[in-house]
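The following paragraphs lead the reader through one protein model, element by element. Please keep the sequence and the coordinates at hand while reading.

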Amino acid sequence: MFPTPDLSHLTRNDYNQIYEPDADSFLLLDALELKLNEILEQKPFIIFEFGSGSGLITTFVAKHFCLTSCLFFAIDINPYACYSTKRTFQQNNLHKKHCLNIIQCNLADPLIDRLSSKVDLILFNPPYVPTETSDVKEVIERTYAGGKQGIEVIEKAIEQASRLLSSKGLFYMVALEENNFDTLKELANQVGLNIDIILKRRTLIERLFVVQFQRK
């Protein structure tokens, strides 16, 4: 088991502004480790994370999955998350090996054309909790409010991933049982992606799973 990146630089004040890594975060780490050989076979160079938050996931991949220098894009609509991702990358001494581009934006909106069919690995722990709307004002609410069925943000991410992924690219995403795998499969099929569940876990309050998308 790979060690978790050092997050000791983040304080309670930071976690009042960004999502604090929880069971869903560590489930995604475990799923990535489970798929280590498959990911390494692809020799990813351009790696993209929707909603980087604390920077845990991007840093984990940079530390353990990239044998040579890689190009990372860490995206978050929250400026505090962008800053935290930068700090986490530096705390783990990865800024000397890899190139990290931190961009404050809504998913990949300004990058679709630039990175079309070029991204080898996409990562996303989305706001998946069913809520009345995903359009919320509070920073912390944005980390979990997924709108109707919890898939309003997920649906857009799947569509964007279908345009970003390289021919052999892989997309790993956390989902909640209420998001409904059949619904996710239909969304993936509509944009030419295959989807498979690769890991499941039940917590005290949630039933979570991680899915892998790739081109058909």
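How many residues does helix H2 have, and what distance does it reach from its first C-alpha to its last? The model discussed here is a predicted one. Helix H2 spans residues 23-34, which amounts to 12 residues. From its first C-alpha to its last it reaches 16 Å, close to the 16 Å expected at 1.5 Å a residue.

The surroundings of this helix may be considered next. Buried residues in H2 are Asp24, Ser25, Leu27, Leu28, Leu29, Ala31 and Leu32. Their cover includes two helices, H3 (36-42) and H4 (56-64). It also includes the strands E4 (119-124), E5 (165-176), E6 (193-202) and E7 (207-215). As general background, an α-helix has 3.6 residues a turn, so residues three or four places apart point the same way.

Asp30 also belongs to helix H2. Is Asp30 buried or exposed, or does it fall in between? Its relative accessibility is 24%, and it therefore counts as partly exposed, because the buried class ends at 20% and the exposed class begins over 50%. Apart from residues up to four places away in sequence, Asp30 touches Leu199 and Arg201. Between Asp30 and Ile57 there are 11 Å in space, C-alpha to C-alpha, and the two are 27 residues apart in sequence.

From the helix the description passes to the nonpolar interior. In soluble globular proteins, nonpolar side chains tend to be buried together. In this model the largest nonpolar core has 68 residues, and those with the most contacts inside it are Leu32, Phe48, Phe50 and Phe171. Strand E5 gives the most to this core, contributing 8 residues. Leu32 has already appeared among the buried residues of H2. Once neighbours within four places in sequence are set aside, the contacts of Phe48 include the aromatic residue Phe73. Phe48 is further in contact with Ile75, Ala108, Leu111, Leu115, Val119, Leu121, Ile122 and Leu123.

Aromatic rings deserve separate attention. A pair of them is described by the distance of the centres and the angle of the planes. The whole structure holds 10 aromatic pairs. In one of them, the ring centres of Phe2 and Phe65 are 6.1 Å apart and the planes stand at 70 degrees, so the pair is edge-to-face. Phe2 lies in the segment before helix H1 (12-15), whereas Phe65 lies in the loop between H4 and strand E2 (71-76), and the pair thus links parts of the chain 63 residues apart. Phe2 counts as partly exposed because its relative accessibility is 26%, while Phe65, at 2%, is buried.

Another edge-to-face pair is formed by Phe50 and Phe124, with 5.2 Å from centre to centre and 65 degrees between the planes. Because Phe50 lies in strand E1 (residues 46-50) and Phe124 in strand E4, this pair ties together parts that are 74 residues apart in sequence. Phe50 is buried, with a relative accessible area of 0%, and Phe124 also counts as buried, at 3%. Both residues belong to one aromatic cluster, which is formed by Phe48, Phe50, Phe73, Phe124, Phe171 and Phe213.

A polar contact completes the account. Arg87 is found in helix H5 (residues 79-91), and at 19% relative accessibility it counts as buried. With which residue does the side chain of Arg87 make a polar contact? The partner is the side chain of Asp14, at 3.2 Å. Beyond its neighbours within four places in sequence, Arg87 is in contact with His9, Leu10 and Asp14.

Notes: Residues are numbered from 1 along each chain as its sequence is written. This is a predicted model: local features need pLDDT of at least 70, side-chain atom pairs count only at pLDDT 80 or more; totals for chains, interfaces and linings use all residues. Side-chain values use heavy atoms; hydrogens and water are left out. Helices (H or I, at least four residues) and strands (E, at least two) are DSSP runs, numbered from the N terminus. The expected span of a helix is 1.5 Å times one less than its number of residues. Buried means under 20% relative accessible area, exposed over 50%, partly exposed in between (1.4 Å probe, protein chains only). Contact means heavy atoms within 4.5 Å. A nonpolar core is a set of buried Ala, Val, Leu, Ile, Met, Phe, Trp, Tyr and Cys residues joined through side-chain atoms within 4.5 Å. Rings of Phe, Tyr and Trp (its six-membered ring) pair if their centres lie within 6.5 Å; planes under 30 degrees apart count as stacked, over 60 as edge-to-face and the rest as tilted. A polar contact is a pair of N or O atoms within 3.5 Å; within protein, one must be able to donate a hydrogen and the other to accept it, and residues adjacent in sequence count only if both atoms are side-chain atoms.
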